[in-house]
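Hi everyone, thanks for coming. Please have a look at the sequence and the model on the screen, and then I'll walk you through a few residues.

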Amino acid sequence: MSIKPPLSDNQTVILGKETPLKLDCGVTMEAINMAYCTYGELNADKTNAILVCHALTGDQFAASRQPVTGKNGWWEMMIGPGKVLDTDKYFIVCSNVLGGCMGTTGPSDIDPKTGKPYGLNFPIITIGDMVRAQAMLQDYLGIESWFSVIGGSMGGMQTLQWASAYPERVFSAIPIACAARHSAQNIAFHEVGRQAVMADPNWLGGDYYASDKKPTSGLAVARMAAHVTYLSEAALHRKFGRNLQDRENLTYGFDADFQVESYLRYQGINFVDRFDANSYLYITRAMDYFDLVEDHGGSLSKAYEKTKTRFCVVSFTSDWLFPTSENKDIVQALIAAAANVSFVEVETDKGHDAFLLDTPEMFKTIDGFLQSSAKSRGLIS
Amino acid sequence: MNDPIKFVPKRDIRVDWQLIAEMVEPGSRVLDVGCDDGQLLAHLTETKNVDGRGLELSQHGVNICVANGLSVVQGNADTDLVYYPDDSFDYAILSKTLQTTHQPHVVLEQLLRIGRRAIVSFPNFAYWRCRAYLALKGRMPMTNSLDIPWYETPNIHFCTLKDFTALCEKMDVKIEQSVIVKASGNVMTRSTYGSFANFFGADCIFMLSRKT
């Protein structure tokens with residue numbers, strides 16, 4: 001077996017020139033940039049393509065070096081030759097979401113009407129809009145149906161939306177650690193994050209792009225608060241306990257005495273280098289608005305009536321952001337729709353972030369599901 | 001992954017599974033309630049080409065099933081069967097799980113709502129060894145197939161063959177087929193399920209359907 005580097009160049013395509021993107025808010029976008037990475041090769045029948053949907057602060061660099069941070073891709077453990085999303089077998093596509101800040105059109109891009117960055121003039125976008133834009137990319141790539149759509153957290157929401165809005169274009173779907181509607185608690189956490197950004201004097205009503213100062217402190221606080229929700233009490237205790245950071249004694253001040261404080265500050269500071277504050281506002285809003293239940297008259301199973309898509313739902317025992325109960329709501333709706341569904345709750349103390357980490361039970365589950373799906377699609381005998 | 005987990009069926013498929021498999025029409029839609037690690041589902045998929053789904057309580061069992069490519073969800077027979085639509089399967093199977101449920105009659109009702117037919121297997125508590133054990137030792141019976149002491153067993157609703165057929169009558173359920181199995185695993189009778197079978201039969205398998 002020859003070892004192909006899983007790296008792909010970041011590509012950008014302009015979509016919607018002929019048929020503009022109609023957003024849920026009523027606004028029409030004439031042309032949008034769509035930035036994406038691909039790994040592996042598309043087969044002749046174009047039946048082996050997998051769409052990877054990234055989470056709130058993810059990007060298209062799922063298995064390649066992130067150009068700003070220089071770090072490895074966020075799902076390099078999953079994507080590559082011989083890995084679960086095997087680039088020797090599958091053609092993996094990962095695109096930056098609409099509203100993002102890594103090349104796909106978002107609030108930091110130039111508004112053609114004004115010649116200046118959109119800022120808060122960027123229209124409010126939804127998970128449905130993100131998926132609609134991805135469907136345009138699917139058309140552009142000439143792929144009739146994805147072999148699979150997969151993603152965790154907000155990526156899971158997109159996966160659910162894909163299977164509901166375009167059932168015939170999704171052969172299998174793997175929503176991980178997500179929900180069919182954003183809970184009040186999660187909206188509350190997002191609101192804390194947004195208020196932190198907007199309280200930063202450098203935010204300037206969202207019009208900070210020309211200024212030398214960016215709302216980095218606000219965004220860092222938003223990230224710190226959010227990051228706590230991605231972990232679990234047990235994981236925080238295991239990692240840090242009450243250990244002190246580079247010191248023997250408490251300082252009786254407000255320095256980062258504790259390791260956990262230092263860790264969170266580091267998470268916050270690192271984040272602001274690679275993420276746009278307005279993108280953070282828009283994308284968290286899109287998650288808040290997500291409600292597939294309401295979209296289908298209060299019955300989630302209606303979202304999947306007569307679906308032929310095969311589903312594999314995965315949740316984590318210590319995830320309190322998207323707890324198993326919310327994932328089970330999805331499973332029960334799929335069962336009621338007579339859909340082909342598998343559901344595994346993975347035992348881990350790593351919290352919501354488990355889907356991004358080395359979680360062997362999740363790897364085995366998804367691997368088994370993909371293999372049987374590949375058989376049923378005739379990709380393997 | 002380089003080394004996918006291969007499904008390795010146990011050398012001997014459980015006898016009641018073989019007998020259940022004989023009852024299932026090829027190519028049908030099957031729900032296995034309490035499917036454990038998926039051996040029966042895999043067997044039915046391989047030999048009968050069924051479209052199989054499973055419901056299993058134990059995390060461990062579900063994870064093995066899904067890693068082996070079976071469509072199985074984690075759930076409870078007592079509470080989660082309500083989510084399945086009417087008539088969504090040709091067969092709803094409950095193999096040696098009835099006696100572990102909190103409300104066996106409700107579970108049976110659900111099975112017959114979800115499946116056009118229900119296939120149910122269970123150990124016969126009136127089997128003579130059980131009777132003798134209780135009569136002579138004065139202790140809760142423990143046999144080869146019932147080898148867990150009373151305080152640890154998941155089997156909370158034991159019944160006898162006669163109890164089961166009486167319940168079927170009460171629920172107005174039609175018994176389409178019956179197989180009574182000896183402790184050796186050999187079939188004792190397929191034609192009757194009377195007192196003789198109730199005394200000498202160790203395990204029972206019934207295929208049921210709604211009368212109306």
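I'll talk about two annotated sites, one after the other. Keep in mind that what you see is a predicted model.

Let's begin with the active site. Which residues does the UniProt annotation "active site" cover? The entry, which is unreviewed, lists A:Ser153, A:Asp319 and A:His352. They span 200 residues in sequence, yet no two of their C-alpha atoms are more than 10.6 Å apart, so they gather at one spot.

Take A:Ser153 to start. You'll find A:Ser153 in the loop that runs between strand S11 (148-152) and helix H2 (154-165) of chain A. Is A:Ser153 buried or exposed? A:Ser153 is buried, because 27 other C-beta atoms lie within 10 Å, and 20 or more is what being buried takes. If we set aside its neighbours within four places in sequence, the contacts of A:Ser153 include A:Ala55, A:Leu56, A:Cys178 and A:Phe355. Another of those contacts is A:His352, from the annotated site.

That brings us to A:His352, which sits in the loop between S14 and H10 of chain A. A:His352 is buried too, with 24 other C-beta atoms within 10 Å. What does A:His352 touch, not counting residues up to four places away in sequence? Among them are A:Ser153 and A:Asp319, so A:His352 touches both of the other residues that carry the "active site" annotation. Its list also includes A:Thr229, A:Tyr230 and A:Phe316.

Now for the second site. The UniProt annotation "binding site", again from an unreviewed entry, covers A:Arg223 and A:Asp353. Although they span 131 residues in sequence, their C-alpha atoms are no more than 13.8 Å apart, so they gather at one spot.

Where is A:Arg223? A:Arg223 is part of helix H4 (residues 216-230) of chain A. A:Arg223 counts as buried, since it has 22 C-beta neighbours inside 10 Å. Leaving aside neighbours within four places in sequence, A:Arg223 is in contact with A:Gln267, A:Gly268 and A:Phe271.

A:Asp353, for its part, lies in the loop between strand S14 (340-346) and helix H10 (360-377) of chain A. That is also the loop where we placed A:His352. A:Asp353 is buried, with 23 other C-beta atoms within 10 Å. Beyond its neighbours within four places in sequence, A:Asp353 is in contact with A:Tyr230 and A:Leu231. You may remember A:Tyr230, since A:His352 touches A:Tyr230 as well.

That's my tour, and I'm happy to go back to any of these residues.

Notes
Residues numbered from 1 in each chain as written. Chains lettered and ligands numbered in written order. Predicted model: local features only at pLDDT ≥ 70, side-chain atom pairs only at ≥ 80, totals over all residues. UniProt positions renumbered as here; feature names shortened; annotations may be inferred. Helix = DSSP H or I, 4+ residues; strand = E, 2+ residues; numbered from the N terminus. Buried ≥ 20, exposed ≤ 12 C-beta atoms within 10 Å, placed from the backbone. Contact = placed C-beta atoms within 7 Å.
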